[in-house]
Amino acid sequence: MNSSLLSAEGLSKRYGAVEACKNISFEIQEGEALAIVGESGSGKTTLLHLIAGLMAPHSGRVSYRGRDGVRRDLAEMSEAQRRALMRADWGFVHQDSTKDLRMNVSAGGNIGERLMALGERHYGRIRASAAEWLARVEIAEDRLDDSPLTYSGGMRQRLQIARNLVTSPRLVFMDEPTGGLDVSVQARLLDLIRGLIAEMGLAVVLVTHDLAVARLLSNRILVMKQGEVIESGLTDRVLDDPQAPYTQLLVSSVLAA
Amino acid sequence: MIPSASDLLVVEDLSKSFTLHLHGGKRLPVVAKVSFAVKRGECVVLGGPSGVGKSSILKIVFGNYLAGAGHIYLSDGERFLDIANATPREVVSARRRLMGYVSQFLRVIPRVSALDIVAAAARDAGLAPGAAKNRAENLLARLNLPERLWTLPPATFSGGEQQRVNIARGFAGEHRLLILDEPTASLDAANREAVVGLIAERRAAGAGFLAIFHDEDVRARVADRVLDVSAFAPREAA
């Protein structure tokens, strides 16, 4: 009956007396892009970590339907199963690319590593895939053997995306993927991400405080405030005709979103 | 009212008001009890003075504004989907398959070329990349956008040029219903003519139009009916 790819039911998480997430439920279907927006401290990153299995909730559950069609509870998976999921089925794009990239390994090695983790051993094929993905994220092929240390911030972010997408994941989590980049770099990166989402039919959960980014990349949106989802719906509907007082404040506080 | 097979869009008792929470919860009624239908191949134009709620009706039909009450039945050829009560997912799907929208102003990702913007809209509607590019080129050519501009992002284009990219994007999906919000406002006579031609072609193929045109000449040539939205002015509660 539940056809969703990922399903969150009644998720709650406390830090001491602070309730970072209060009883949050939602679903993501295949190929759907969901944005989670809110100000700093609203609980959006905690929510992302809960559904990506990086943190355990105090109550509630997260389930995921695997490629075999079987729905499994994240909390009931073994550590090995969860790691396999993260390598093969999921991607995670961090705001800070150094959290994901290995800076002492070449760009090609960073991309190839994900393939090797899935059992690919053929050096030529790994290198060819890495080169192909570098081109897809618009990085010159002659930078394949360079360390990401020599890359600009925007290039590192594109490399991180290539590394996460090379294994053709079904679901990608993104935490402020264009945050901290120059505005001139953001636009191209957004267009790139948008193209890849459409082309690969990716499901995406995107955390951002930037409503313009949410508008460009997502179909659906959750607006969070103090650990609660206070409004949700079609992204452009929520941004253009917000119903909740807080969403109206958020939307009207932005310069021409 | 039961929609008939020739109905493409049936709007029934639609009402809308805004509640301005940042201004003491002031309630701003927009329209009340809006009812009309658009048949396949028909072009219905919304008329009435500025501020009467014409654009709001278009936005509600497209799912961009929330309907306060009522129904908006959109046909996919077999069944009717009530946009006023549909899930976000159903609206997303309807926008891909069934309805397009041309806004008054072009809003796009900066630094993406005009051709890519239009082709992306065709791909969203299900076309393969090659066919999408062909359709985009065809539309931009018909709308007289100089070919040297195709590979450039529209940010530096004139208002009229941007609007033609916007129109091409709206038509690229070849949807059953096209919603147009003053698409010809910033166009010269030759390009208005091109838009009139595109509309006639899509209508001949069975597409319906719900539109706002201030331009008398265009309106007279494309409208089957002009619906005066003043008739749906909400009665202020005493």
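**Strands in chain B**

Student: How many bridges join strand E7 (residues 177–181) of chain B to E8(B)?

Tutor: Keep in mind that this is a predicted model. In it, E7(B) and E8(B) run parallel, and B:Leu178 stands opposite B:Phe209 in E8(B). The bridges joining E7(B) to E8(B) number five.

Student: Which helix does the chain pass through from E7(B) to E8(B), and what is the hand of the crossover?

Tutor: Between these strands the chain goes through helix H6 (residues 189–204) of chain B. That makes a β-α-β crossover, and its hand is right-handed.

Student: Which strand besides E7(B) pairs with E8(B) in the parallel sense?

Tutor: Look at B:Leu210 in E8(B), which has B:Val44 opposite. B:Val44 falls within residues 43–47, and this pairing has three bridges. So the partner is strand E3 of chain B.

Student: Is strand E8 (residues 208–212) of chain B largely enclosed or open?

Tutor: In a regular strand, side chains alternate between the two faces of the sheet. On one side of E8(B) sit B:Gly208, B:Leu210 and B:Ile212, on the other B:Phe209 and B:Ala211, and all are buried. Because five of the five residues are buried, E8(B) is largely enclosed.

Student: Which strands are the edges of the open sheet E2-E1-E4-E5 (chain B)?

Tutor: Four strands make up this sheet, with antiparallel pairing. An edge strand here pairs on one side only. That gives strand E2 (26–39) and strand E5 (80–82) of chain B.

Student: Which residue in E2(B) is the bridge partner of B:Ser17?

Tutor: Strand E1 (residues 7–20) of chain B pairs with E2(B) in the antiparallel sense, over 10 bridges. Across from B:Ser17, the partner in E2(B) is B:Pro29.

Notes: Residues are numbered from 1 along each chain as its sequence is written. Chains are lettered from A and ligands numbered from 1 in the order in which they are written. This is a predicted model: local features need pLDDT of at least 70, side-chain atom pairs count only at pLDDT 80 or more; totals for chains, interfaces and linings use all residues. A residue is buried if 20 or more other C-beta atoms lie within 10 Å of its own, exposed if 12 or fewer, and partly exposed in between; C-beta atoms are placed from the backbone. Helices (H or I, at least four residues) and strands (E, at least two) are DSSP runs, numbered from the N terminus. Two strands pair if DSSP finds at least two bridges between them. A crossover is right-handed if, with the strands pointing away from the viewer, the path from the first strand over the helix to the second runs clockwise.
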